[in-house]
Amino acid sequence: MEKYGHLKYAIEHFSADWEYTDDEYEETFLSFIKAESEYAKEIKSELLEALQDPNWSWVKIGYETNFIGSDDTEESVWLTIKVLIWDVLFPNEEPPINKVI
C-alpha cells in the first residue's frame, strides 16, 4: 500500500469531482468515520505522521485528489484539511507544530 494511503483516501472524500455542497461533504465524511472506526484510527495515525514528514506535500496531495481546498500553498491546503478532517478526527485538539503551521 502506498505511504499514507488511508489519509489520501480520507482527502479523496473531499474531491471536487463529487460537486457536493459543503454540508454534503461533511455528512459523507462523518458517516464514513462513524461506520469505519478502524479506518478512522488509521487516518488519525497517518495524519499525525504526515504532519511530521518533511517530504509530505499538502499541495501535491491536493492536486492528486482534486481536493476542494487545493491551492498553491502548503499552508492554505493544510488549513482546509485542518477544518475538514483534523477537527473531525481530533475535536478540540491542536495539531502538533510542524513545517506548515
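**Note on the predicted five-helix model: helix α1, the core and the α2–α3 contact**

1. The buried residues of α1 are G5, H6, L7, K8, A10 and I11, where buried means under 20% relative accessible area, exposed over 50% and partly exposed in between, with a 1.4 Å probe and protein chains only. Because six of the eight residues of this helix, which spans residues 5–12, are buried, α1 is largely enclosed by the rest of the structure. Helices here are DSSP runs of H or I with at least four residues, numbered from the N terminus.

2. On the basis of the numbers: this is a predicted model, in which local features need pLDDT of at least 70 and side-chain atom pairs count only at pLDDT 80 or more, while totals for chains, interfaces and linings use all residues. Residues are numbered from 1 along each chain as its sequence is written, and side-chain values use heavy atoms, with hydrogens and water left out.

3. On confidence, pLDDT is the predictor's confidence in each residue, from 0 to 100; the protein averages 92, and 94% of the residues score at least 70. The lowest confidence is reported for α2, at a mean of 94, and the highest for α1, at 97. As a general caution, where pLDDT is low, the predicted coordinates should not be read in detail.

4. The surroundings of α1 can be named: its buried residues pack against α2 (22–35), α3 (37–52), α4 (58–65) and α5 (74–89), contact being heavy atoms within 4.5 Å. K8, which lies in α1, deserves a biochemist's attention, since this lysine is buried at a relative accessible area of 16%. Leaving aside residues up to four places away in sequence, K8 touches E2, I61, E64 and T65.

5. The largest nonpolar core has 27 residues, and those with the most contacts inside it are L7, I11, L47, W58, I81, I85 and L89. The elements that give two or more residues to this core are α1, α2, α3, α4 and α5, and the largest share, seven residues, comes from α5. Such a core is a set of buried Ala, Val, Leu, Ile, Met, Phe, Trp, Tyr and Cys residues joined through side-chain atoms within 4.5 Å.

6. How do α2 and α3 meet? They pack at an angle of about 110 degrees, with their axes 5 Å apart, the axes being lines fitted to C-alpha atoms over the stretch in contact and the angles running from 0 to 180 degrees between N-to-C directions. The two helices are therefore roughly perpendicular to each other, a term that covers 65 to 115 degrees. In this contact F32, I33, K34 and A35 of α2 meet S37, Y39, A40 and I43 of α3. By class, the contact has six nonpolar, one polar and one charged residues, with Ala, Val, Leu, Ile, Met, Phe, Trp, Tyr, Cys and Pro counted as nonpolar, Asp, Glu, Lys and Arg as charged, and the others, Gly among them, as polar.

7. Two residues other than glycine have a positive phi and may be worth a look in the model: Y4, with phi near 60 degrees, and E19, with phi of about 55 degrees. Y4 lies in the segment before α1 and counts as buried at 6% relative accessibility, whereas E19, in the loop between α1 and α2, is exposed, with a relative accessible area of 69%.

8. Finally, E24 is found in helix α2 and is partly exposed, at 35% relative accessible area. E24 and F14 are 10 residues apart in sequence and 9.7 Å apart in space, C-alpha to C-alpha.

Key
Parallel < 35°, antiparallel > 145°, perpendicular 65-115°, else oblique.
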